[in-house]
Amino acid sequence: FNRILTLASIGAYCGIGTYSSGKTLPWNKQRRFIEQCKELCRNSKWWGVLSRHAVSFDPSIFTASNDSANENLEKYCRDLIWNAATSLDVEIVMRLSSKFAHAYGLNKVFPQTSLVEFLLSSPKKMDTSRGSNCESDIRFDLIMTESAVRLCLSYLPVINQSKVLRKCLIDLERDSRASRDYDRHTLVLTLYSECLGKLVTRKETRVKALEAETLRVQRRFDVLALLSTTFESYPWEKRPEYSKMFEPLPLDPFSPPTKRKMCSVLGFEESGDVFDPLAPLHDILDHSGANSMAGALASLCSMVQLPPGYLHARSLIVRFRKLRESSDGLPKVESSVIPVIKKLVSPADKADLAWWCSSQYASGSVEQLHCLDLAHSNATTASEEIESLQGRASKEDERAALDRVKRIDTARAILSDHILVDKVLEQNNSSDLVQKVYKSIIRKVQKVSAEKESYCPEHFVRELLIEGSLAAALASLDDCDGFTTVHFRSLAILVHDACKLLASRYTHIFVGRVARILARRWMINGDDASD
């Protein structure tokens with residue numbers, strides 16, 4: 001490029017220069033040629049500058065005059081700034097890029113805007129030791145970075161300041177490498193918040209949009225302050241990813257934002273339409289001391305617009321899943337589930353959490369029944385609250401509340417009855433053979449009950465009598481297992497005691513009538529009788 005510059009300079013001098021005698025050179029009338037030489041001289045200078053800073057370019061772009069050429073020239077200017085700023089002083093870079101913009105008719109605020117974007121971006125080689133090996137990059141020193149940014153912003157109108165700072169904030173939150181760089185996010189938010197305070201508008205819609213934007217920034221400030229304090233001593237890679245706790249800012253701050261549905265108390269939704277701001281905390285809540293961590297971060301719920309208690313609920317869910325995966329026993333309901341449910345506000349959330357916890361405990365256990373009792377009482381309360389709204393609630397909410405009550409009530413009734421019939425073994429001293437047959441009967445009855453769409457205690461009693469009769473008959477006919485008349489009588493007592501317990505719980509059940517109906521049907525139709 002130096003040779004091109006020399007040739008262009010000679011050509012331009014031939015048009016405007018003079019001999020030693022003072023006589024002008026004969027090419028002074030070749031105006032188009034002179035202009036081309038001057039243009040080539042200017043271009044060759046910048047080609048040399050761009051090449052020294054490792055900016056790739058197409059020389060033909062510099063002579064074109066269209067929108068595409070302007071876009072490319074802006075790209076070259078931006079690349080020049082980003083490459084030069086890693087090694088040169090900020091003021092030098094700003095003067096150099098401003099000359100480039102002036103030379104090619106670019107927007108006069110473009111250099112300062114691009115320089116701010118560079119300064120507030122995340123360095124390519126993020127280092128947990130804060131870039132001790134990248135001393136030439138100013139971005140690793142946030143104090144110097146802030147001073148440089150404020151210098152660049154002083155050359156921009158307030159409206160341009162807000163635009164570039166908002167773009168920097170959006171880009172930084174998109175950058176996964178900077179998701180744990182709390183200090184850099186705090187710097188950008190501080191500058192943007194100051195800029196928002198300078199904006200003035202009289203339109204009501206814009207005032208509301210500005211207030212909403214300010215509130216979004218403030219919530220981010222609060223979360224960063226909490227995370228910075230809590231995880232100050234944590235290794236870089238173990239910090240929660242802050243940027244995943246918020247939905248991206250809308251591209252236009254004055255247009256209504258499109259929000260995704262917030263996660264439920266259980267979280268772990270796979271749908272792309274559901275946003276879960278607590279997901280970045282799962283690894284933290286998975287370690288020991290999760291209860292104390294949940295307490296320290298409890299205020300986070302309001303900052304990310306979730307109801308109180310959601311973080312404690314998520315901590316419990318993560319803890320239960322880890323215990324299940326390691327095949328360890330779950331803690332008692334009184335010490336684990338109930339304290340968390342008390343921290344929740346919505347009865348529907350309490351019911352959903354208790355329902356989920358019931359599915360984690362061993363099937364048929366007292367702890368499972370305890371969770372279902374909690375779920376049922378809170379589901380009933382939630383349904384009553386929906387009804388009290390007197391039509392102000394949507395049909396979907398009403399249907400969901402009723403379905404929740406029905407689902408939990410059915411599961412609770414089935415489990416309660418199963419536990420009740422299991423207690424018969426504790427009240428009767430039966431032989432091991434009889435207990436084995438009785439347990440097989442209960443398993444079959446439970447399976448049949450679970451397969452039915454709706455649970456009915458009368459059907460449970462009927463199935464208990466049918467399966468008990470069949471099992472006793474088959475065992476009596478098998479000479480190999482030693483099932484005697486004494487065993488037959490003992491098994492019959494167990495089955496009838498179980499039916500009596502169910503009849504005492506449900507006053508509308510008459511075991512004798514059910515037994516007579518079954519006996520009459522068998523006598524008339526025999527073993528081939530259909531259900």
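Which helix gives the most to the lining of the largest cavity? In this predicted model, where local features need pLDDT of at least 70, side-chain atom pairs count only at pLDDT 80 or more and totals for chains, interfaces and linings use all residues, that helix is helix 20 (residues 457-477), with 3 residues. Residues are numbered from 1 along each chain as its sequence is written, and side-chain values use heavy atoms, with hydrogens and water left out.

**The cavity**

The structure holds 1 cavity of 30 Å³ or more, and the largest cavity has a volume of about 40 Å³. A cavity here is a set of points, on a 1 Å grid over the protein atoms alone, where a 1.4 Å probe fits but cannot get out, and its lining residues have an atom within 4 Å of a point; the volume is the space filled by probe spheres set on the points, which are joined across faces, edges and corners. The lining consists of Ser449, Lys452, Ser454, Tyr455, Cys456, His459, Phe460 and Glu463, and it divides into 3 nonpolar, 3 polar and 2 charged residues. In that division Ala, Val, Leu, Ile, Met, Phe, Trp, Tyr, Cys and Pro count as nonpolar, Asp, Glu, Lys and Arg as charged, and the others, Gly among them, as polar.

**Cores and helices**

Helices are DSSP runs (H or I, at least four residues) numbered from the N terminus, and a residue is called buried under 20% relative accessible area, exposed over 50% and partly exposed in between (1.4 Å probe, protein chains only). A nonpolar core is a set of buried Ala, Val, Leu, Ile, Met, Phe, Trp, Tyr and Cys residues joined through side-chain atoms within 4.5 Å. The largest such core has 102 residues, and those with the most contacts inside it are Phe100 and Leu115. Helix 8 (residues 182-198) gives the most to this core, with 8 residues. Apart from it lies another core, of 33 residues, among them Ala472, Ala475, Phe483 and Ile509.

Helix 21 (residues 485-505) has 21 residues and reaches 30 Å from its first C-alpha to its last, close to the 30 Å expected at 1.5 Å a residue, where the expected span is 1.5 Å times one less than the number of residues. Its buried residues include His487, Leu491, Leu494 and Leu502, and what covers the buried residues of helix 21 includes helix 17 (395-422), helix 19 (432-451) and helix 20. In helix 13 (residues 310-325), the buried residues include Tyr310, Arg314, Val318 and Leu323.

**Individual residues**

The table gathers four residues with their places and accessibility.

| Residue | Place | Relative accessible area |
|---|---|---|
| His282 | helix 10 (residues 282-285) | 16%, buried |
| Met303 | helix 12 (residues 300-303) | 14%, buried |
| Gln305 | loop between helix 12 and helix 13 | 43%, partly exposed |
| Ser327 | loop between helix 13 and helix 14 (333-343) | 67%, exposed |

Not counting residues up to four places away in sequence, His282 touches Phe268, Asp276, Arg314 and Val318, contact meaning heavy atoms within 4.5 Å. On the same terms, Met303 touches Arg219, Asp222, Val223, Leu226 and Phe246.

Most residues other than glycine have a negative phi. Gln305, however, has a positive phi near 65 degrees, and Ser327, which follows helix 13, has a positive phi of about 60 degrees although it is not a glycine.

Technical notes
1 Å grid on protein atoms, 1.4 Å probe; cavity = no way out; pocket = protein on both sides within 12 Å on 5 of 7 lines; lining within 4 Å. Helix = DSSP H or I, 4+ residues; strand = E, 2+ residues; numbered from the N terminus.
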